Every structure is written in structure tokens, then in C-alpha cells.
Amino acid sequence: MLTTDFVTGAPNWLDLGSPDTAASAAFYGPVFGWDFASAGPDAGGYGFFQKDGKTVAALGPLTEEGASPAWTVYFQTPDADATAKAVEQGGGTVRVAPFDVMEAGRMACLTDPSGAEFSVWQPAAVKGLEAASEGNTLCWAELHSADPTAAFAFYRSLFGWRSQEMEAGGMAYTVLSTAEGDQQDASFGGLVAADEDSETRWIPYFSADDTDAIVTGVQEHGGSVLMPAADVPDVGRIAWLADPFGAPFAVIKPNPPAA
């Protein structure tokens, strides 16, 4: 499961690029019970979503030309510069070269060979998210790719990820784990073939105490339902949603662990 004991290749940060940060904060606040705190006057409008005083995600204005509103998953790296170089060598793209974020850490914005955007975070003062896999916090990261086999090979070369095949909802599903630790305990996300109607992209999943209540809240505050709430056997109750600006995300009420 995804935790805040970050190791190489684990999701350690998550942020939303928005054309209207105030409106986005006003949407996610009531939907997930988050507060928003500015990172300060020198942060260019960037700030933190917090739950019970802990940072669970971040929010900032769109900064890349032509960028669409979207959530970006960051993965831990010990060396952002080396990872960016490896992305280029592996056929991916460096959209924003590695740079220091004040004293917080070092990051780079990247795209894998199939077009899915992601970022890496090399921690310094800021280690990463302060809560995960709790109610209304990040619990899973899922890659939809046109070529799952090639996608896994790319990320394995970057981070040493491991994989395990399973079936979920009648389709093949690859569970991703970091290189360290027990493979099941170190799982943090999944990889699935993108269908013809979906983009190649990373989707964050937030843990929900009540999936249907979150769906209702999204609709009441101007968001939309991309996939209605449904039970996936042996997994949980899942819904795919989008905020008022079209940024997609998913929620899941996980099934209780097997005894």
C-alpha cells in the first residue's frame, strides 16, 4: 500500500495544475474536507491541500504552455538529474529540466514514451506528502497506457519497479511495486491498457470512506462523473470523476483486507 515511508520509485508528491486555483480550492475543499494553505508570496500561487493539518496534495497555476488542467504524480528519486537523463535515453521527454524548489527539494517534469506525463521529486527539506492511504488522501496511482509492456519496461529501467499480474473487473491488471521491501506491501499502483476512448495518463486514486457520497459531492460542486460508482470484485467500490476544469481523478473505498 502507498505510505509516507518513501523509497525510490514510490509516489511521494501530488499536485494539481489549475487555470483558477481559488475555484479549484473551493471545489476540493468541500468534496474531500481539505483546507488550502498558500506556500507564501514567493511561490507563484502554489500552495498545499491539507487534511487535519497534514499536507495531502498541492495546487498551483498552470505554468507550461498548452498544458491542460490535470493532477501530476511525482515519484521519488535520489537524483533528479540522473533520472531526467535516463528518461531521454529511454525515449521519453524532459518537459521541464531539473531545478531546485527553494530549500524544499529538486524536481523535473517528464513524459514517458507513450505520452503519459509525470514528475520526479528529490527530497530535501520537504520529504513528501504527510498522509496517504487514509480517508480522502492519495492511496493509489494508475497508469493507462497504449502499450503496457513497453511502459513497464521504461519505468522499471528508471526506478527498478516490480510487477505482478492479476485480473480486476474482468480485465488484465498489472500491480506495480517499488524495488524495496515485500512486493505486496510495497505495491503503490497499477498499469492497465488504455482503451480507444481514454488518454495515456497517470490517474490518482483517493481513498474514500463512502464512494457514493464523494460522487454526490463532486456533482453538487460543479464536477462531473466519468465512470459511475461500481463495485470491483476483490478490490473495492470505485468511481472516476473530473473537477470543474476537467482534471480527472478517481476514488475508491477499498475492500477490507482478507482475514
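Contact here means heavy atoms within 4.5 Å, and helix directions are lines fitted to C-alpha atoms over the stretch in contact. With that in hand, let us walk through this predicted model.

**A helix across three strands**

Helix α1, residues 21-32, lies across β13 (201-207), β15 and β16. The helix runs at about 10 degrees to β16. Another helix, α3 (residues 148-159), also packs on the sheet, where it touches β9 (138-145), β10, β11 (171-177), β12 (187-193) and β13. The direction of α3 makes about 145 degrees with that of β12.

**The sheet beneath**

How are the strands of this sheet ordered? Eight strands form an open sheet with the order β10-β11-β12-β9-β13-β16-β15-β14, and the pairing is mixed. Because β10 (162-168) and β14 (224-232) stand at the edges with a single partner strand each, one side of each is left without a neighbour in the sheet. On average, neighbouring strands of this sheet are turned by 25 degrees against each other, direction ignored.

Towards the β14 end of the order, β15 (residues 236-242) and β16 (residues 248-254) are antiparallel partners joined over seven bridges. Within this pair, I238 has I252 of β16 as its bridge partner.

At the β10 end of the order, β10 pairs with β11 in the antiparallel sense, again over seven bridges. A168 has M171 of β11 as its bridge partner. On to the next pair: β11 and β12 run antiparallel and are joined by four bridges, with V175 standing opposite G190 in β12. Is β11 mostly covered or mostly open? Five of its seven residues are buried, so to speak of β11 as mostly covered is fair.**A buried strand elsewhere**

Strand β1 (residues 11-18) is largely enclosed by the rest of the structure, because eight of its eight residues are buried. Its pairing with strand β5 (residues 70-76) is antiparallel, with six bridges, and L14 stands opposite V73 in β5. Strand β4 (residues 54-61) pairs with β1 in the parallel sense over four bridges, and L16 has L59 of β4 as its bridge partner.

The strand pairs described above are gathered here.

| Strand pair | Sense | Bridges |
|---|---|---|
| β15 and β16 | antiparallel | seven bridges |
| β10 and β11 | antiparallel | seven bridges |
| β11 and β12 | antiparallel | four bridges |
| β1 and β5 | antiparallel | six bridges |
| β1 and β4 | parallel | four bridges |

Note on methods:
Residues numbered from 1 in each chain as written. Predicted model: local features only at pLDDT ≥ 70, side-chain atom pairs only at ≥ 80, totals over all residues. Heavy atoms only, no water. Pairing = 2+ DSSP bridges. Helix = DSSP H or I, 4+ residues; strand = E, 2+ residues; numbered from the N terminus. Axes fitted to C-alpha atoms, helices over the stretch in contact; angles between N-to-C directions. Buried < 20%, exposed > 50% of the residue type's maximum accessible area, 1.4 Å probe, protein only.
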